[in-house]
Amino acid sequence: MSGDVLVGTDGSEAAMAAAVWATEEARDRGSRAVVLCVFDPDVLGWLVGRAARPRQEAEEAVTSTKNRMSAFIPGVGVVGEAVAGPSP
């Protein structure tokens, strides 16, 4: 078994394409896929027009990505986490 395959997500379709690749790679390696979304807890308005809920938005992005990855290739272990981190 090789190491885990890490993929970042922000909930976008581009991130989902990367997640699909990561799921296939994890399957081929016999390992699991790890989904990560980093959010800035100090952001007051993560997206224009949305309430300031960066943790909730990040957790929703991780959950949605994990669900789609598991449905895409059943049997591949998929785990994920939303992690607080500073903006650049």
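These are my notebook entries on a predicted model of a protein.

**Entry 1: overall layout**

I started by listing the elements, and the protein has two helices and three strands. Reading from the N terminus, I get the order β-α-β-α-β. Next I looked at burial: of the 88 residues, 32% count as buried. The accessible surface comes to about 5200 Å², and carbon and sulfur atoms own 54% of that. I also checked how far apart in sequence the contacts reach. Among contacts with a separation of 6 or more, 70% are between residues 24 or more positions apart.

**Entry 2: the sheet**

How are the three strands ordered? I find an open sheet running β1-β2-β3, with parallel pairing. The edges are taken by β1 (5-8) and β3 (78-84). Each of them has a single partner strand, so one side of each is left without a neighbour in the sheet. I then looked up the twist: neighbouring strands are turned by 25° against each other on average, ignoring direction.

I zoomed in on one pair. β1 and β2 (residues 33-39) are joined in the parallel sense over four bridges. In this part of the sheet I noted Val7, which stands opposite Val35 in β2.

**Entry 3: helix α1 against the strands**

Which strands does α1 lie across? I see helix α1 (residues 13-29) lying across β1 and β2. Its direction is at about 175° to β1.

**Entry 4: helix against helix**

I turned to α1 and α2 (residues 54-72), which pack with their axes 10 Å apart and at an angle of about 45°. That angle makes α1 oblique to α2. As for handedness, I have the crossing of α1 and α2 down as right-handed.

I wrote out who meets whom here. From α1 the list is Glu13, Met16, Ala19, Val20, Thr23 and Glu24. On the α2 side they meet Ser64, Thr65, Arg68, Met69 and Phe72.

**Entry 5: Thr23**

I picked one residue from that list for a closer look. Thr23 is found in helix α1. Is Thr23 buried or exposed? Thr23 has a relative accessible area of 0%, and the cut-off for buried is under 20%, so I file Thr23 as buried.

What does Thr23 touch, once neighbours within four places in sequence are left aside? I find contacts with Met69, Ile73 and Val76. Of these, Met69 is one of the α2 residues in my helix-helix list.

How values were computed:
Residues are numbered from 1 along each chain as its sequence is written. This is a predicted model: local features need pLDDT of at least 70, side-chain atom pairs count only at pLDDT 80 or more; totals for chains, interfaces and linings use all residues. Side-chain values use heavy atoms; hydrogens and water are left out. Two strands pair if DSSP finds at least two bridges between them. Axes are lines fitted to C-alpha atoms, for helices over the stretch in contact, and angles run from 0 to 180 degrees between N-to-C directions. Contact means heavy atoms within 4.5 Å. Buried means under 20% relative accessible area, exposed over 50%, partly exposed in between (1.4 Å probe, protein chains only). Accessible areas come from the Shrake-Rupley method with a 1.4 Å probe; for residues, only the protein chains shown count as cover. Angles under 35 degrees count as roughly parallel, over 145 as roughly antiparallel, 65 to 115 as roughly perpendicular and the rest as oblique. A crossing is left-handed if the near helix is turned anticlockwise from the far one by less than a right angle, and right-handed if clockwise.
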